[in-house]
Amino acid sequence: MKDDFPEKGRDIDELIEKIKIAEDKDMSFSSGKIFGSMCTEPLDIAKKVYSRFIESNLGNPGLYPGTEKLEKEVHEAIAYLINAGTTEALSVGGGTEGNIIALWRAREKSGKRKVLLPKSSHFSFEKACSLLDMRPEYISLTDKYTMDLGELKKKIDDETAVVIAIAGTTEHGVVDPIKKVAELTEDVHFHVDAAFGGFVIPFLNELGHDLPAFDFEIDGVDSLVIDPHKMGMSPVPLGLFYSRTENEITIDSPYLTGRHQKDIRGTRVSASIPAFWITLNYLGKQGYKNMVSQCMQRTYYLIDRMEEEGFSSTVTPSMNIASFEHRNPERIVREMEEKGFNLSRTVIPRGLRFVVMPHVSMESIDEMVKHLGDLK
Ligand SMILES: Cc1ncc(COP(=O)(O)O)c(C=O)c1O
């Protein structure tokens, strides 16, 4: 509307007041009422660092050699975490961009368009297929909600460009049998979506859990995405895409300081890179281990509290995601929203879903369950 872009600048106090009204409408992680997001509140130090790099744009890297150096160190640190050795790394906007790049590369490399992926896959793959004119074929799930290997084996053929497996599914946080999938994909690109689980599995295993291998430790894994802006505690947006081999898809960027680009965005917000750099160096592995351990304890607590209220858990949780079957999750999500809580739902099977991120405390679980108990 005309008034939305004023002819002359307005009074600053009036404007700040409007910004405050908008800000107050938004939910915040610190309220403890967000149970449906895979992101969380960054550390205070990360917020401060973020604001210092607000101009930084690694789409034009020659202007920001300092940020670029920190990016390199972040790539190397996470390569170490996921056994990536000397593979190629790209900073991306998140799991969606990483998954699109994986399919793009697989299509260019193979000249084929068939994508085999479990029904538990994140919807970003549907986007990727639509953008890239590729053809998704979904593989059924076992009773543990992981990809059915028998069906995958039957569907891999000469037309297949890429096979996808998930390390930490969006709905239930389960891990596909990645090692076994790799045995079936010798001639096909194999991409692992570890957007959520990549920052959980290594720490859980160090804490004595027994989650399966999911990363470049497995020979057949060709590419992988992992998101610092989920369980890595980074401010958004930050995902990392890793590829076992350097890829030929490079687009010249002649008028910029970099010679070429390999990702999708041109100009890219880069403040999250120094912010994540300081987070990972400040917390160290021990800090992440403590955080993951706390999230798991709270996940078990949430499940106990929900079971006391008569809900039954869909799967034994592998990580900090709990899900409960329900006939009408849409109603519960809507009614809880009216009470100020953000919950989410699962599709297979229909139910409620809770992501127990670091901002979810025991008290916030008690408060949420108290309200939920009235709605059943
Ligand atoms: C397994 C998985 N992959 C990819 C994504 C997409 O990540 P983003 O929203 O950061 O693009 C998500 C988001 O929840 C996810 O759970």
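Helices (at least four residues) and strands (at least two) are DSSP runs, numbered from the N terminus. The legends below concern a predicted model.

**Figure 1. Close-up of the residues around the ligand in the predicted model.** The ligand is surrounded by 13 residues. Gly94, Gly95, Thr96, Thr170 and Ala195 are the closest of these. By residue class, the shell comprises four nonpolar, seven polar and two charged residues.

**Figure 2. Close-up of the loop between strand 6 and strand 7, with Met233 and Pro237.** The loop connects strand 6 (223–226) with strand 7 (239–243) and contains Pro237. The peptide bond joining Val236 and Pro237 is cis, with omega at about -5°. Met233 is found in this loop between strand 6 and strand 7. Met233 is a residue other than glycine with a positive phi, near 70°. Because 25 C-beta neighbours lie inside 10 Å, Met233 counts as buried.

**Figure 3. Close-up of Tyr145 in the loop between strand 3 and helix 6.** Strand 3 spans 135–139 and helix 6 spans 149–155, and Tyr145 is placed in the loop between them. The backbone of Tyr145 has a positive phi, near 65°, in a residue other than glycine. Tyr145 has 23 other C-beta atoms within 10 Å and is therefore buried, the cut-off being 20 or more.

**Figure 4. Close-up of the cis peptide bond between Ile348 and Pro349.** Omega of the bond that joins Ile348 and Pro349 is about -10°. Pro349 is located in the loop between strand 11 (344–346) and strand 12 (351–355).

Definitions and conventions. Residues numbered from 1 in each chain as written. Predicted model: local features only at pLDDT ≥ 70, side-chain atom pairs only at ≥ 80, totals over all residues. Near = placed C-beta within 6 Å. Nonpolar A, V, L, I, M, F, W, Y, C, P; charged D, E, K, R; others polar. Buried ≥ 20, exposed ≤ 12 C-beta atoms within 10 Å, placed from the backbone.
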